[in-house]
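Take a moment to bring the model up on your screen. We will walk through it together, one part after another.

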Amino acid sequence: MKVSNLGEIELIKKISKGIKLFSKDIIKGIGDDTAVLKFDKKHYLLLTTDTLVEDDHFNLSWFTPEQVGKKAIESNISDIAAMGGFPKYTLISLILPKNTNVNFINKLYNGINKSSKKYKISIIGGNLTHGKNISITVNMIGIVEKKNLCLRSNAKINDLILVTGNLGASRAGLELLRNKKTGKSINNYLNTKCKLNIGRKLSNYVNAMEDVSDGLSSEVLNICSESKTGAVIYKEKIPINKTTINDTKKVNKNPYDYALYGGEDFELVFTINKNKFEKLNKIKSDFTIVGKILSKKEGVYLLDKGKKKKLGYGYDQFKSKL
Ligand SMILES: [Mg+2]
């Protein structure tokens, strides 16, 4: 059987089955945005890793090397932010074809250094090796106060489900580029920005949190699966800005499909007790209520003009046709 038949979710399940944990210091292993380890009396350690591969995750005729560097750092911070924590250290491994221009590396590191400086992240190591395609693997290490840890498994029945910002813009931008069209959404796709500051503030109030990297549908399904709950998403409440809607029209696609299944928006989706909702006023930012956590037996579904529709997983790197 090929990994394309199995898909990412089943592949993770298969790998997880054969894994044994040998330490009591592990608070959370596979199954969240980062791993969580014991650290000191008041803090946990957060660890995550992500790889960008040339022509799969970035195309150098669209991205500048600086933008690739920023994307590598910001997409990893996004996972730390989803846990309620902040990043501290990073290790960066590069696979480079032997004919890679050194100037590319200079520019790539301009982007990496700019994002690292912005969030005071120290680069403490890495690895260099050669291979067929350029590949950038970032390992990010962060810290979270124990009381601020936001696990996917922490959603409670009747919690409201909210998202930050707008969804679907990044995928709309990618499709414009693929179809050789222009539009403002291209900026959203090329210039990755994590929501670290807002994640830190949210961590004081929310139950479960996850970053939107594979589309709203996948993230809500993950939260429900880890929390053993159901959920309803109200389709008409999903925040999509006018630019995204216009740009999506240019490629004859439905903007709601991009919001639900597109990915790489790097917004945050979170669940919060109704009684704490008003406290979000203290955080000056855009939030939208998009749904509610239900009991497991009610299932996970999309409510579209009064009709229940099944929600599926979004972008699957092994199954999805790009
Ligand atoms: Mg994530």
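Lys120 counts as exposed, because its C-beta has 9 C-beta neighbours inside 10 Å, and a residue with 12 or fewer falls in that class. Keep in mind that this is a predicted model. You will find Lys120 in the loop that links helix 3 (102-118) to strand 5 (122-130). Its phi is near 55°, a positive value in a residue other than glycine.

Now turn to Phe266, in the loop between helix 9 (255-261) and strand 10. Phe266 is not a glycine, yet its phi is positive, at about 55°. Is Phe266 buried or exposed? Phe266 counts as buried, because 24 C-beta neighbours lie inside 10 Å and the class begins at 20.

From that loop, step into the sheet. It is an open sheet of 7 strands with mixed pairing, and the order is 8-10-7-11-9-12-13. Strand 8 (209-211) and strand 13 (307-310) stand at the edges; each has a single partner strand, so one side of each is left without a neighbour in the sheet. On average, neighbouring strands here are turned by 30° against each other, direction ignored.

Within the sheet, strand 7 (residues 160-164) pairs with strand 10 (residues 268-272) in the antiparallel sense, over 4 bridges. Leu160, for example, has Ile272 in strand 10 as its bridge partner.

Helices join the picture too. Helix 2 (residues 65-82) packs on the sheet and touches strand 8 and strand 10, with its direction at about 170° to that of strand 8. Helix 7 (residues 216-227) lies across several strands, including strand 9 (230-234), strand 11 (287-294) and strand 12 (300-304), and runs at about 155° to strand 9.

Notes:
Residues are numbered from 1 along each chain as its sequence is written. This is a predicted model: local features need pLDDT of at least 70, side-chain atom pairs count only at pLDDT 80 or more; totals for chains, interfaces and linings use all residues. Two strands pair if DSSP finds at least two bridges between them. Helices (H or I, at least four residues) and strands (E, at least two) are DSSP runs, numbered from the N terminus. Axes are lines fitted to C-alpha atoms, for helices over the stretch in contact, and angles run from 0 to 180 degrees between N-to-C directions. Two residues are in contact if their C-beta atoms, placed from the backbone, lie within 7 Å.
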